[in-house]
Amino acid sequence: METTKFIWQDGKLIPWEEAKIHVLTHSLHYGSAVFEGIRFYETAEGPAVFRLSDHLDRLYFSANVMGIQIPYYKEEFRKAVLDTVKATELKSGYIRPIVFLGYGKMGLGVVGAPVNVAIAAWPWGAYLGDQAVKVKTSTTTRLHPKSAAMAAKITGYYFNSILASEEAKRAGADEALLLDWRKRIAEGPGENFFLVKKGKLYTPKLGGILPGITRASVIQLAKDCGISVKEKNLRLGCAYGADEAFFTGSAAEVTPISEIDGHKLKSAPGPITEKLKELYLRVVAGKEDKYKNWLDFC
Ligand code: PMP
């Protein structure tokens, strides 16, 4: 991976290679950390972080779900993210804030375990590449919402995503698509899913998926463009017969899907995917005044 000079750890920027933890870190053993994946983009007014407040709201929500008290006010955290980005001297890149239970207490109990915070930022290009991706549905079911708070971004959940994406890659696909316990489409291992049918946009309802910030942005952009958006439970058959499909995510941005389980979609990227992707990339680059309040300038 590409590195930068500093990582923000527990209150200060320290050299990248010195940002280390003990092997008996609680979250390493039990998956109890909460985290975010955020991007910052080059704009005419300097680097800008996309929807930072929304990412921090989700991070604090996830911490609350885990019973972790983040030892900083949200405003302090926001400043720490911006300081970390500035210290990279990059125009654009990816930001990974993580709040974890540290070293000093073993056993599952959260109370009394030290809380550590780190924020790293580095260059990271297109997460799923620049081309439309081939998708394979996974034999691993997405976590049941009664087993996990699906609106939280907790490291432990990602074993489920890793099983799915590794299976997809072994089968020659680029990315997985996970179904929920009802066999309805849930999401990608690190992305939300959309399909287009007869000019209308469909995406799985909230409840069994991570409420993606890119998902919410794309829904709003689509509605503002006059495209009908329906959040509903989707069967796999709808996806096989879709005109277009795409993934959304902070890392993946808007990634067109070319085929699902060998079923080729009509076009990839199709016209609606293309339109939303272009608009999204203009928005994050500060080229659309209407959505400038989604940007935090460094
Ligand atoms: N689903 C999962 C499981 C994810 O890990 C992500 C990435 N955070 C997403 C969806 C997309 O969320 P966002 O648009 O907020 O990055």
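So, Y158: an N or O atom in its side chain is 2.4 Å from an oxygen atom of the ligand. Keep in mind that this is a predicted model. R58 does something along those lines too, with a side-chain N or O atom 2.8 Å from a ligand oxygen. And then there's S250, where a polar side-chain atom lies 2.6 Å from an oxygen of the ligand. As for how covered the ligand is, on its own it has 380 Å² of accessible area, and the protein covers 96% of that.

Okay, who else is around it? The shell comes to 16 residues, and the closest are Y158, E187, I213, T214 and S250. If you sort that shell by class, you get seven polar, five charged and four nonpolar residues. Looking at elements, α5, which runs 213-224, and β14, at 244-249, each put at least two residues into the shell.

Now, where does the ligand sit? The space it takes is the largest pocket. That pocket holds about 620 Å³ of space. It has 33 lining residues, and the ones closest to the pocket centre are Y127, K153, Y158, P189 and G190. So you've met Y158 already, as one of the closest residues to the ligand.

Which elements line the pocket with two or more residues? Those are β6 (93-101), α4 (158-170), α5 and β14. The top contributor there is α4, with five residues. By class, the pocket lining splits into 13 nonpolar, 12 polar and eight charged.

One more thing, and that's the cavity. Rolling a probe the size of a water molecule over the atoms shows where empty space is left. How many cavities of 30 Å³ or more does the structure hold? Just one. The largest cavity has about 40 Å³ of space in it. Its lining is R39, Y41, F50, H55, I213, T214, S250 and Y280. The elements giving two or more residues to that lining are β4, at 38-41, and α5. Sorted by class, the cavity lining has four nonpolar residues, three polar and one charged.

Have a look at that list next to the ligand shell. I213, T214 and S250 line the cavity, and those three residues are also among the closest to the ligand. S250 is the one with the polar side-chain atom 2.6 Å from a ligand oxygen. And α5 turns up in the ligand shell, in the pocket lining and in the cavity lining. That's what I've got on the ligand site.

Terms used: Residues are numbered from 1 along each chain as its sequence is written. This is a predicted model: local features need pLDDT of at least 70, side-chain atom pairs count only at pLDDT 80 or more; totals for chains, interfaces and linings use all residues. Side-chain values use heavy atoms; hydrogens and water are left out. A residue is near a molecule or strand if one of its heavy atoms lies within 4 Å of it. A polar contact is a pair of N or O atoms within 3.5 Å; within protein, one must be able to donate a hydrogen and the other to accept it, and residues adjacent in sequence count only if both atoms are side-chain atoms. Accessible areas come from the Shrake-Rupley method with a 1.4 Å probe; for residues, only the protein chains shown count as cover. On a 1 Å grid over the protein atoms alone, a cavity is a set of points where a 1.4 Å probe fits but cannot get out, and a pocket is an open set with protein on both sides within 12 Å along at least five of seven lines; lining residues have an atom within 4 Å of a point. A molecule sits in a cavity or pocket if more than half of its atoms lie within 2 Å of its grid points. Helices (H or I, at least four residues) and strands (E, at least two) are DSSP runs, numbered from the N terminus. Ala, Val, Leu, Ile, Met, Phe, Trp, Tyr, Cys and Pro count as nonpolar, Asp, Glu, Lys and Arg as charged, and the others, Gly among them, as polar. Grid points are joined across faces, edges and corners, and a volume is the space filled by probe spheres set on the points.
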